[in-house]
Amino acid sequence: MAAHTITFTVNGAPETALVHSHTTLLAFLREQLGLTGTKNGCSTGECGACTVLLNGEPVNACLVLAVEIDGAELVTVEGLAHDGQLEPLQQAFIDHTGTQCGFCTPGILIAARALLNRNPDPTEAEIKDALRGNLCRCTGYMRIIDAVKDAARTGG
Amino acid sequence: MSAAPKVTPTAPSMLAMPSPGLPPFDYVRVNHPGKVVRLLLEHGDNARLLMGGTDIFVQMRDGVLAPQIVIDLKRLPGMTNIRYDPARGLTVGAAVSMNALAAHPAVIAHYPLLVQAVETVASYQLRSRATMGGNLCNASPAADTAPAALVLETRCVAWGPDGERVIPVKDFFLGVRRTALQPGEFLARIEIPTPPDGWAGRYIKLGRNAGGDLAIVGVAVMGYPDHSTSSGYRFKVALASVAPTPIRVPEAEAILSANPITEDLLAQAARAAEDTAKPIDDLRGSARYRKAMTRNLARRALDDVWHELRKER
Ligand SMILES: Cc1cc2nc3c(=O)[nH]c(=O)nc-3n(C[C@H](O)[C@H](O)[C@H](O)COP(=O)(O)OP(=O)(O)OC[C@H]3O[C@@H](n4cnc5c(N)ncnc54)[C@H](O)[C@@H]3O)c2cc1C
Ligand code: FES
Ligand code: FES
């Protein structure tokens, strides 16, 4: 069973780590780096709870190998807030009660962040489409969509 | 007589808890095509090729696959390139992500059918990783890019022990998860010729929900003016999820070039698609439902394409 040394940045900080071939990025983040904001819902690409930004693009961390992030830039939900300030999208989720149990929230924040990065002024249909891969058992989605719209409106 | 040992039952909910890990294997990243061929020949069925991993990692977790070595081809030269040239068409490296493909200006301008097909797959984040190459190589009957690849007469370019080999996509799928790739071969790129002037295309997918569920039925249609046929047009029709492999429907295509196009003829062609479909019952739909939906969706896709074609005249 081979181990590999990988170098990458996570939430802006450069890191080097030793990982097994078969360690997923999700397991690596949660169990090796202790970044437990990223959640494991299904481990099979269905629920989106594990969504993180890999070189700026949202990916399902459960279907990426840790060794594949060698040389890459990662952003997890822990990297959204800066200097003790929530980012506007996070604040909008609070303002609109876009979160209840919160299990889906980190993945949805990341998927929504990625949407607003590539399309700062999305339509409701575009928001729904961008969040198609994120399941939420609590909110009924409408408040999540409202939160994303609001964040877009306020330039978040 | 000793008492029966006390067994503490494991709660089913604990057994069902997904683990974020995968079974052990060795990961190898290769930079040279010759090395891939060597590794494939050396390890045979114990080796598995990796693009986006959205199929193999799920299959490994389900216990369907248990490779000892996973070979990552994404950093081979040319694997992530997209090139367009009006004379030669579109060349897509096997490791180009679906999002990169659907966002490429030449693909948006010249292959809207491909964009439509790609955008029916799963979710945006899955498509950051998933590739069209992996979609074709996985050879699922439900592969959403396969019907579009079939009607666009795509060529799969393989690399192997004897160098390059071109496999027309119509000969690429041999059965469920079986392709025409030989031992030691891998898919290097996909070549899609420039379709004839004035063409129009449509992919319609029926899933269990409006999002990215696997297709219950998928129908791709493309058509273009062709003065050599009696109808003045030529159509190509392909289906997903209604046979062991994605398939073309030559019967429907023949009907649509032999006679002037009317409502009735479009209906006949849609019935031919239904007749060609040989679906199975599974958790996503019964065979009977799939056949009926094949006719409905084929009719809708044909209507849409026919509408486009007449608009352009
Ligand atoms: C939640 C979820 C939803 C999905 N929804 C859809 C959907 O709506 N429609 C759909 O069509 N698919 C769907 N899929 C399946 C999958 O995402 C697609 O088939 C995807 O295109 C596979 O591409 P990949 O790059 O991830 O392939 P990989 O998993 O990397 O590879 C796929 C297969 O091809 C082989 N392979 C990889 N590269 C090569 C190569 N260069 N040469 C030869 N063989 C190779 C691999 O060994 C493997 O067997 C879904 C999957 C998940 C997890
Ligand atoms: S845990 Fe990755 S998509 Fe559900
Ligand atoms: S808030 Fe509970 S799953 Fe979304």
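This short talk walks through a predicted model of a complex, taking its confidence values and then a few places in chains A and B.

Before I start, residues are numbered from 1 along each chain as its sequence is written, and chains are lettered from A and ligands numbered from 1 in the order in which they are written. Because this is a prediction, local features need a pLDDT of at least 70 and side-chain atom pairs count only at pLDDT 80 or more, while totals for chains, interfaces and linings use all residues; side-chain values use heavy atoms, with hydrogens and water left out.

On confidence, the predictor gives the complex an ipTM of 0.97 and a pTM of 0.95. Chain B averages a pLDDT (the predictor's confidence in each residue, from 0 to 100) of 93, and 92% of its residues score at least 70. Over residues 5-18 of chain B, however, the pLDDT is below 50, and beyond near neighbours in sequence this stretch has five contacts in the model, a contact being heavy atoms within 4.5 Å. Where pLDDT is low, the predicted coordinates should not be read in detail.

Let me turn to strand E11 of chain B, residues 200-206, where helices (H or I, at least four residues) and strands (E, at least two) are DSSP runs numbered from the N terminus. Five of the seven residues of E11(B) are buried, so the strand is largely enclosed by the rest of the structure; buried means under 20% relative accessible area, exposed over 50%, and partly exposed in between, with a 1.4 Å probe and protein chains only. E11(B) pairs with strand E12(B), residues 217-225, in the antiparallel sense over seven bridges, pairing requiring at least two bridges found by DSSP. Within that pairing, B:Tyr203 has B:Ala220 as its bridge partner.

In the loop between E12 and strand E13 (233-240) of chain B we find B:Thr229, which is buried at a relative accessible area of 11%. A polar atom of the B:Thr229 side chain lies 3.1 Å from the backbone oxygen of B:Asp226, and, leaving aside residues up to four places away in sequence, B:Thr229 touches B:Arg234 and B:Ser257.

What does B:Asn138, in helix H8 (residues 132-138) of chain B, touch, not counting residues up to four places away in sequence? The residues are B:Asp55, B:Gln59 and B:Arg177, and a polar contact (N or O atoms within 3.5 Å, one able to donate a hydrogen and the other to accept it, with residues adjacent in sequence counting only if both atoms are side-chain atoms) of 3.0 Å joins the side chains of B:Asn138 and B:Gln59.
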